[in-house]
Amino acid sequence: MEEKKRKPIAQYAFIGLIVASIACLSTGLLGVTKGLVALQMFTPQNPDTLNLALQISAGVLILGLAAYAFMAPDKVRRFFTGRQARYGSNSLIMTVAFVGIVFVANYIVYQNPKSWDLTEDKSHTLAPETLQALATLPENVTATAFFSASLDSTNAQQILQDFKANSSGKFDFRFVDPDLDPVSARTAGITGDGKIMLTMGERKEIAANVSETELTTTLIRLINPDPRVVYFLEGHGESGIEAGTDLSFSIASSTLQSKNYTVNTLNLLVTNNIPEDALSIIIAGPKKPLSKDEVNLLKNM
């Protein structure tokens with residue numbers, strides 16, 4: 001009687017085996033894709049979706065095997081004890097070993113995130129300033145990129161992925177379509193397309209455009225919110241720092257600004273006072289000597 005009840009169920013057991021086989025193939029392909037992502041040979045549009053797909057595929061594989069074992073226990077028993085065990089056990093072991101290797105490799109990559117730039121022009125290698133900023137993150141940072149469907153986000157995806165890969169797990173990102181979710185855009189204070197908001201704890205800063213330089217500057221501003229003002233002394237024939245004057249000093253000024261410094265000029269002959277927010281005063285190539293009062297002010301700074 002029990003044998004008769006099992007037969008209708010057993011005839012559908014092959015479905016579980018087919019599902020498990022497809023899931024096994026899918027898990028292997030997704031595992032290889034994860035490996036390519038780790039080597040930066042491939043950049044998915046949404047890394048979280050890839051991770052979720054791998055987990056679902058592995059779950060379906062286990063459920064498919066479990067369903068087959070439940071519906072056809074006699075076949076499973078004969079497989080392990082009969083003549084088929086001699087030939088099928090090797091295939092089963094190889095399959096299990098392959099899936100196990102995929103899971104172990106992905107677990108190691110997840111626990112020890114590391115990437116290699118294999119591009120010829122090292123296009124995925126971040127600047128030293130960016131790597132230093134990522135290495136000194138005091139808390140986790142989340143980047144929210146506001147991109148509508150009409151704007152290409154490929155470059156933003158790659159840059160944010162590079163930031164994440166070099167942050168030791170402290171930098172993550174997500175994309176929001178401001179057309180589909182205008183409330184989030186308004187709450188973040190986003191008024192244009194292609195802006196990126198960086199959030200760390202209760203603080204937030206917005207990058208005006210998608211570039212490594214702009215994101216690094218915004219990140220430094222997020223880490224160091226206090227104003228940092230550098231003054232260039234003038235009034236003694238020093239070269240100007242504005243664009244179109246002395247090239248070297250204008251480059252120095254723009255470099256400081258890119259590192260989140262505020263750059264101003266200071267004429268002590270006029271003010272006779274050093275501003276309280278002065279982090280540093282640069283005396284760059286004066287053609288006339290400083291007065292005694294100026295020297296005393298600088299010494300007492």
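**View 1. His236 sits in the loop between β5 and α10 (247–258).** This is a predicted model, and we start here with a histidine. Is His236 buried or exposed? With a relative accessible area of 2%, His236 counts as buried, because that value falls under the 20% cut-off. So who keeps His236 company? Setting aside its neighbours within four places in sequence, His236 is in contact with Leu269, Pro286, Lys287, Lys288, Pro289, Leu290 and Glu294.

**View 2. Strands β6, β5 and β7 line up, in that order, as an open sheet of 3 strands.** The pairing here is parallel. Which strands stand at the edges? Those are β6 (262–266) and β7 (278–282); each has a single partner strand, so one side of each is left without a neighbour in the sheet. Going from one strand to the next, the twist averages 30°. Look at β5 (residues 229–233) beside β7: the two run parallel and are joined by 4 bridges. To get your bearings in this pair, find Phe232, which stands opposite Ile282 in β7.

**View 3. Strands β3 (residues 195–200) and β4 (residues 203–207) run antiparallel.** How many bridges join β3 to β4? There are 5 of them. Met200 stands opposite Arg203 in β4. The two strands make a hairpin with 2 residues between them, and in this hairpin Gly201 takes a positive phi near 65°.

**View 4. Helix α6 (residues 128–135) meets helix α9 (residues 212–223).** Two packed helices are described by the angle between their axes and the distance between the axes. In this case the axes come within 10 Å and cross at roughly 35°, and the crossing of α6 past α9 is left-handed. Which residues make the contact? On the α6 side they are Glu129, Thr130, Ala133 and Leu134, while α9 brings Glu212, Thr216, Leu219, Ile220 and Ile223. Sorted by type, the residues of this contact come out as 5 nonpolar, 2 polar and 2 charged.

**View 5. Here is helix α9 on its own, largely enclosed by the rest of the structure.** Why say enclosed? Because 9 of the 12 residues of α9 are buried. The buried ones are Glu214, Leu215, Thr216, Thr217, Thr218, Leu219, Ile220, Leu222 and Ile223. There's a quick check on its length, too: at 1.5 Å a residue, the 12 residues of α9 should span 16 Å, and the end C-alpha atoms are indeed 16 Å apart, which agrees.

Key:
Residues numbered from 1 in each chain as written. Predicted model: local features only at pLDDT ≥ 70, side-chain atom pairs only at ≥ 80, totals over all residues. Heavy atoms only, no water. Axes fitted to C-alpha atoms, helices over the stretch in contact; angles between N-to-C directions. Left-handed = near helix turned anticlockwise from the far one by under 90°. Contact = heavy atoms within 4.5 Å. Nonpolar A, V, L, I, M, F, W, Y, C, P; charged D, E, K, R; others polar. Expected span 1.5 Å × (residues − 1). Buried < 20%, exposed > 50% of the residue type's maximum accessible area, 1.4 Å probe, protein only. Pairing = 2+ DSSP bridges.
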